[in-house]
Amino acid sequence: MKKLSTAVSALLVATSTMAADAVPDIRARSLEVFKPLPSTTPAVAHNPITPDKIMLGKALFFDPRVSASGVFSCNSCHNLATGGDDNLETSIGHGWQKGPRNAPTALNAVFNIAQFWDGRAEDLKAQAKGPVQAGVEMANTPENVVATLKSMPDYGEWFKAAFPGEADPVTFDNFARAIEAFEATLITPAPFDAWLNGDEEALTPDEKQGLALFMDKGCSSCHTGINVGGQGYFPFGVVEKPGADVLPQNDKGRFAITNTADDSYVFRAAPLRNVALTAPYFHSGKVWDLKQAVAIMGTAQLGQELSDQEVTQIVAFLNSLTGRMPEVSVPVLPSETDATPRPNGKIVKK
């Protein structure tokens, strides 16, 4: 019986290997669709990245005092210990209010065409300003953020080092630039990158077969580029609209930004790097199982009922996108002074 079991196992491995070898041009095809992550921190527009700016941005990313209540930091919703998101359906913010959408990961976000599910922020600088001022998130004002930072001498010195030559470096714009510089370092090289760069053994046969299916079925029509997504906007439900439990009727995506009928239920394609770590899925956060999410995308976007084996192999490929986190130590933050604005938990309804 043991010999038979060994023979069957060997046959399965051989069959899987032959399936992967049946697409010998898979790397060449992949390099036309995807790109490996760079080996260094990427440049960002109009914001030279320096070590001082990265250090300041890291402190600001972790500092809850940039929120009105003194409770919520950027890391609250984009937790770097849990895949760069908060692993909630939708985030909890100021006054324990529930936000309208699932928090996207901050990891590799620098490579997205724009930020947020509806793309309303053109880059990470613009994105950093949004949650601070959102009533259901940090509920603060630019003026109060600046007053808070200026009240702590250490922050004054750090801003001077990060933005040398500026007469008044502690500004809301520079606050956002520093956070962008730090977030640009949050890059997670994965086995898929090693394979794209020529390491044949970096992917298993199942992962290669899943990659072939990912391209052949049409998943890569939307999930493309360096971030395996995040590069364009597409309707959720190209072929068949998901039910209201997955696609809430009151969230029409980019329509709220463009007021164009064609943008109803259009969202930025989710970047899929580290997707195995970032459940629940979709902008609604209603799906917790990655296999279920893949199956839903098959019917909604491709008009195909994917088999269990196809779903399993595509998920195997998606697992190869789980990358190595950069080392991020929790910063020691400056102490408050008598001039530091006091926390305010008041909810203001607009």
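## A report on a predicted structure

P280 sits in the loop that runs between strand 2 (266-268) and helix 12. This is a predicted model, and the features described below are to be read as properties of that model. The peptide bond leading from A279 to P280 is cis, with an omega near 5 degrees. The loop between strand 2 and helix 12 also holds N274, which has a positive phi of about 65 degrees although N274 is not a glycine. N274 is buried, its relative accessible area being 1%.

A positive phi is also found at W96, where the angle is about 60 degrees although W96, too, is not a glycine. W96 belongs to the loop between helix 4 (74-77) and helix 5 (124-133). With a relative accessible area of 62%, W96 is exposed, whereas N274 is buried.

### Two helices that cross

Helix 3, which covers residues 51-62, packs against helix 8, which covers residues 172-183, at an angle of about 100 degrees and with the two axes 7 Å apart. Because angles from 65 to 115 degrees count as roughly perpendicular, helix 3 and helix 8 are described as roughly perpendicular to each other. On the side of helix 3, the residues that make the contact are K53, I54, L56, G57, K58, L60, F61 and F62, and on the side of helix 8 they are F175, R177, A178, I179, A181, F182 and E183. Sorted by class, this contact has ten nonpolar residues, one polar residue and four charged residues.

One of the contact residues of helix 3, F61, can also be compared in position with A147, since the two are 86 residues apart in sequence and 17 Å apart in space, from C-alpha to C-alpha. A147 is found in helix 6 (residues 142-150) and is partly exposed, with a relative accessible area of 35%.

### Charged pairs

Side chains of opposite charge can pair when their charged atoms come close. A search of the whole structure finds 16 salt bridges, and the table lists some of them with the distance between the nitrogen and oxygen atoms and the relative accessible area of each partner.

| Salt bridge | N to O distance | Relative accessible area of each partner |
|---|---|---|
| D123 and K125 | 3.3 Å | D123 18%, K125 14% |
| K160 and E157 | 3.9 Å | K160 48%, E157 49% |
| K208 and E200 | 2.6 Å | K208 13%, E200 35% |

The cut-off for a buried residue is a relative accessible area under 20%, so D123 at 18% counts as buried, and K125 at 14% is buried as well. In the pair of K160 and E157, K160 is partly exposed and E157 is partly exposed too. K160 and E157 lie three residues apart in helix 7 (residues 153-162), which means that they are separated by about one helical turn. An α-helix has 3.6 residues a turn, so residues three or four places apart point the same way. In the third pair, K208 counts as buried, while its partner E200 is partly exposed. Beyond single pairs, R101, D118, R120 and D251 are joined into one network by salt bridges that share partners.

Two members of this network, D118 and R120, are also touched by I257, when residues up to four places away in sequence are not counted. I257 has its place in helix 11 and, at 41% relative accessibility, counts as partly exposed. I257 and E207 are 50 residues apart in sequence and, from C-alpha to C-alpha, 38 Å apart in space.

### A loop glycine and a covered helix

G237 lies in the loop between strand 1 (233-235) and helix 11 (255-258), and at 14% relative accessibility G237 counts as buried. Leaving aside residues up to four places away in sequence, G237 touches P242, A300 and Q301. The C-alpha atoms of G237 and P100 are 20 Å apart in space, and the two residues are 137 apart in sequence.

Helix 13 (residues 308-319) has twelve residues, and the distance from its first C-alpha to its last is 16 Å, close to the 16 Å expected at 1.5 Å a residue. Its buried residues are E310, V311, Q313, I314, V315, A316, F317 and L318. What covers these buried residues includes helix 9 (191-196), helix 10 (205-216) and helix 12 (290-302).

Conventions. Residues numbered from 1 in each chain as written. Predicted model: local features only at pLDDT ≥ 70, side-chain atom pairs only at ≥ 80, totals over all residues. Heavy atoms only, no water. Axes fitted to C-alpha atoms, helices over the stretch in contact; angles between N-to-C directions. Helix = DSSP H or I, 4+ residues; strand = E, 2+ residues; numbered from the N terminus. Parallel < 35°, antiparallel > 145°, perpendicular 65-115°, else oblique. Contact = heavy atoms within 4.5 Å. Nonpolar A, V, L, I, M, F, W, Y, C, P; charged D, E, K, R; others polar. Salt bridge = Lys/Arg side-chain N within 4 Å of Asp/Glu carboxyl O. Buried < 20%, exposed > 50% of the residue type's maximum accessible area, 1.4 Å probe, protein only. Expected span 1.5 Å × (residues − 1).
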